[in-house]
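Q: Please take a close look at one side-chain pairing in this structure. Then follow the charged contacts outward from there. Keep it brisk.

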Amino acid sequence: DIFENGAIEIRTAQIHNVKEMDIKIPKGKLTVVSGVSGSGKTTLLLEALYPAVKAQINNEELSDDFSLETNNTFIDFKEALAIRESDGDYEVVNSYGYMGKYQFGKGTLKFIGIKNANDFLKNPALQEKAFVAYLQKNKWILKNDIRKYVGRKVGGVTITESGMLAAAHLGGAGAVQDFLRSNGQNDFVDGYGTNIKTYLKT
């Protein structure tokens, strides 16, 4: 029982860039999870703590493949992606220099026509427009792959259009094409250890 001994106690396996750990959170107290951008706060809360507590309350088996799900709307999609990227923080810059709610690098910003990174970081509306612009470019690049692979299983993942676009946001459209065309053998991994399989499930 995870609620014994006056605390919520969970032992996790490694999840993305979050190493295996023993978690003990006291009940009846405000507990804050903090850390630099990309350190795994959201992964810890939403892919370890939340599913464990939910399963315990509902007396269910804890699934091994829990992932953030969307309801197939654009807002659901982009907000789920934003949570993965930055916890939805418009002003954050991670240790690799990726910035904003959707964690754009300077090269990607130039690719979609944005030259001033400082202005970008201070402008939530511009960040939302940049997300849409990058999504549209990736969808155009991947249009043939979307037609070919959606509905198929590659590398143990059922391919969806939203998953392909989320994975392209992580590693670029080329990384998605490499993964699909190699039948899952070429698996892009970012600097924090997150691979595109994780995003393909979005």
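A: In this predicted model, the side chain of Asp-145 makes a polar contact with the side chain of Arg-181, at 3.0 Å. Start with the acid. Asp-145 is part of helix H6. Its relative accessibility is 4%, so Asp-145 counts as buried. Leaving out residues up to four places away in sequence, Asp-145 touches Val-150, Met-164, Gln-177, Leu-180 and Arg-181.

Now the pairing itself. The side chains of Asp-145 and Arg-181 also meet in a salt bridge, with an N to O distance of 3.0 Å. Arg-181 sits in helix H8 (residues 173-181) and Asp-145 in helix H6 (residues 143-149), so the pair ties together parts 36 residues apart in sequence. The two ends contrast in cover. Arg-181 has 56% relative accessibility and therefore counts as exposed. Asp-145, at 4%, counts as buried, because buried means under 20%.

Next, the other charged groups. Lys-78, Glu-79, Lys-101 and Glu-128 are joined into one network by salt bridges that share partners. A search of the whole structure finds six salt bridges. One of them links Lys-78 and Glu-79, side chain to side chain, at 2.7 Å from N to O. Lys-78 shows 12% relative accessibility, so Lys-78 counts as buried. Glu-79 shows 27%, so Glu-79 counts as partly exposed.

Another bridge joins the side chains of Lys-101 and Glu-128, at 3.0 Å from N to O. This pair links distant parts of the chain, 27 residues apart. Lys-101 lies in the loop between H2 and helix H3 (106-111), while Glu-128 lies in helix H5 (residues 124-141). Both Lys-101 and Glu-128 are buried.

Helix H2 deserves a look too. H2 has 13 residues. Its first and last C-alpha atoms are 18 Å apart, close to the 18 Å expected at 1.5 Å a residue. The buried residues of H2 are Phe-77, Lys-78, Ala-80, Leu-81, Ala-82, Arg-84, Glu-85 and Ser-86. Charged residues are on that list, including Lys-78, Arg-84 and Glu-85. Just after H2, Asp-87 takes a positive phi of about 60°.

The start of H2 also carries surface. Ile-75 belongs to helix H2 (residues 74-86). Its relative accessibility is 55%, so Ile-75 counts as exposed. Ile-75 joins Phe-74 and Val-132 in a nonpolar patch on the surface. Together, the three have about 260 Å² of accessible area.

Back to H8, the helix of Arg-181. Phe-179 lies in helix H8 as well. Phe-179 has 0% relative accessibility and so counts as buried. Its C-alpha atom is 8.3 Å from that of Val-154, although the two residues are 25 residues apart along the chain. Which residues does Phe-179 touch, not counting residues up to four places away in sequence? They are Val-154, Gly-155, Gly-184, Gln-185, Asn-186, Asp-187, Ile-196, Lys-197 and Leu-200.

In brief, H8 holds a buried Phe-179 and an exposed Arg-181. Arg-181 pairs with the buried Asp-145 of H6.

Note on methods. Residues numbered from 1 in each chain as written. Predicted model: local features only at pLDDT ≥ 70, side-chain atom pairs only at ≥ 80, totals over all residues. Heavy atoms only, no water. Patch = residues over 30% accessible without salt bridge, like charges linked within 9 Å, V, L, I, M, F, W, Y side chains within 5 Å. Areas by Shrake-Rupley, 256 points an atom, 1.4 Å probe, with all protein chains shown as cover. Salt bridge = Lys/Arg side-chain N within 4 Å of Asp/Glu carboxyl O. Helix = DSSP H or I, 4+ residues; strand = E, 2+ residues; numbered from the N terminus. Buried < 20%, exposed > 50% of the residue type's maximum accessible area, 1.4 Å probe, protein only. Expected span 1.5 Å × (residues − 1). Polar contact = N/O pair within 3.5 Å; in protein donor to acceptor, adjacent residues only side chain to side chain. Contact = heavy atoms within 4.5 Å.
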